[in-house]
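Please examine the sequence and the three-dimensional structure shown here. An explanation in running paragraphs accompanies them.

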Amino acid sequence: MRLKKTVVLVGMMGAGKTAVGTALARLLNVEVLDSDEEITRAADRSIAEIFQRDGEAFFRDREYEVIGRLLRSAPAVLSTGGGAFLAERNRDQIREFGVSVWLRADLDLLWSRVRHKNTRPLLRTANPRQTLTELYHARQPFYELADLVVDSTPEYSVEEMAERVAQA
Ligand code: S3P
């Protein structure tokens, strides 16, 4: 299969965007791109440090720029951060250059994957599970705007998930 547009993975933290993106890129024989990774490389700081020192608005501007740049390179698989698809300017540029795929997962699965990691600044709250729940509900309507939906369940391996996205 020859890819005509970049496949853009969107969805909550813990949905598996990075892992599935890597497997999908291997399957499709294209490059895997990751907006968070590009942002941290350019800033030479972790996402948490960027949020802390420069603020979320600064991060969102960098995210917009990086996604725009990556979308203009050869068709590839692009994993985005969980908040990227909330911004209309990102949805617009993703629609123009790519196909968006929402990796949908239920809250229990998301929580089981993020609970032991301390890398996500938005979950550094007194009650991270509650915060994740609130983000989950608030973000659902935005993710629903994606072109395609693929359900992520614990039964599927990363490779199986990649197959399902490729088929979709
Ligand atoms: C964010 C998700 C993170 C990262 C940043 C903000 C969000 O990416 O972009 O911490 O707003 O949901 P992952 O979805 O890869 O965890």
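The paragraphs below treat the helix pairs and then the surroundings of the ligand. The structure is a predicted model.

A suitable starting point is helix H4, which spans residues 56–71. Helix H2, made of residues 35–43, has an axis that comes within 9 Å of the axis of H4, and the two cross at roughly 115°. Angles of 65 to 115 degrees count as roughly perpendicular, and H2 is therefore roughly perpendicular to H4. The crossing of these two helices, H2 and H4, is right-handed. On the side of H2, the contact involves Ser-35, Asp-36, Glu-38 and Ile-39. Their partners in H4 are Phe-59, Arg-62, Glu-63, Val-66, Ile-67, Arg-69 and Leu-70. Sorted by class, the contact of H2 with H4 comprises five nonpolar, one polar and five charged residues.

H4 also meets helix H3, which covers residues 47–54. The axes of H3 and H4 come within 7 Å and cross at roughly 125°. This angle makes H3 oblique to H4. Here Ile-47, Ile-50, Phe-51 and Asp-54 of H3 are in contact with Glu-56, Phe-58, Phe-59 and Arg-60 of H4. The contact of H3 with H4 contains five nonpolar and three charged residues, but no polar ones. Phe-59 of H4 thus appears in the contact with H2 and again in the contact with H3.

A further pair is formed by helix H6, residues 107–114, and helix H7, residues 128–143. How are these two helices, H6 and H7, placed with respect to each other? Their axes are 11 Å apart, and they pack at an angle of about 135°. H6 is therefore oblique to H7, and the crossing of H6 and H7 is right-handed. H6 contributes Leu-107, Asp-108, Leu-110, Trp-111 and Val-114 to the contact, while H7 contributes Pro-128, Arg-129, Leu-132, Thr-133, Tyr-136 and His-137. By class, the contact of H6 with H7 has seven nonpolar, two polar and two charged residues.

The ligand remains to be described. Which residues are the closest to the ligand? Of the 13 residues that surround it, the closest are Lys-17, Arg-60, Gly-82, Arg-120 and Arg-139. Arg-60 is also one of the H4 residues that meet H3. Polar contacts can be given for individual residues. Asp-36, which takes part in the contact of H2 with H4, has a polar side-chain atom 2.8 Å from an oxygen atom of the ligand. Gly-82 places a polar backbone atom 2.8 Å from a ligand oxygen atom. For Gly-83, a polar backbone atom is 3.3 Å from an oxygen atom of the ligand.

Note on methods
Residues numbered from 1 in each chain as written. Predicted model: local features only at pLDDT ≥ 70, side-chain atom pairs only at ≥ 80, totals over all residues. Heavy atoms only, no water. Axes fitted to C-alpha atoms, helices over the stretch in contact; angles between N-to-C directions. Helix = DSSP H or I, 4+ residues; strand = E, 2+ residues; numbered from the N terminus. Parallel < 35°, antiparallel > 145°, perpendicular 65-115°, else oblique. Left-handed = near helix turned anticlockwise from the far one by under 90°. Contact = heavy atoms within 4.5 Å. Nonpolar A, V, L, I, M, F, W, Y, C, P; charged D, E, K, R; others polar. Near = heavy atom within 4 Å. Polar contact = N/O pair within 3.5 Å; in protein donor to acceptor, adjacent residues only side chain to side chain.
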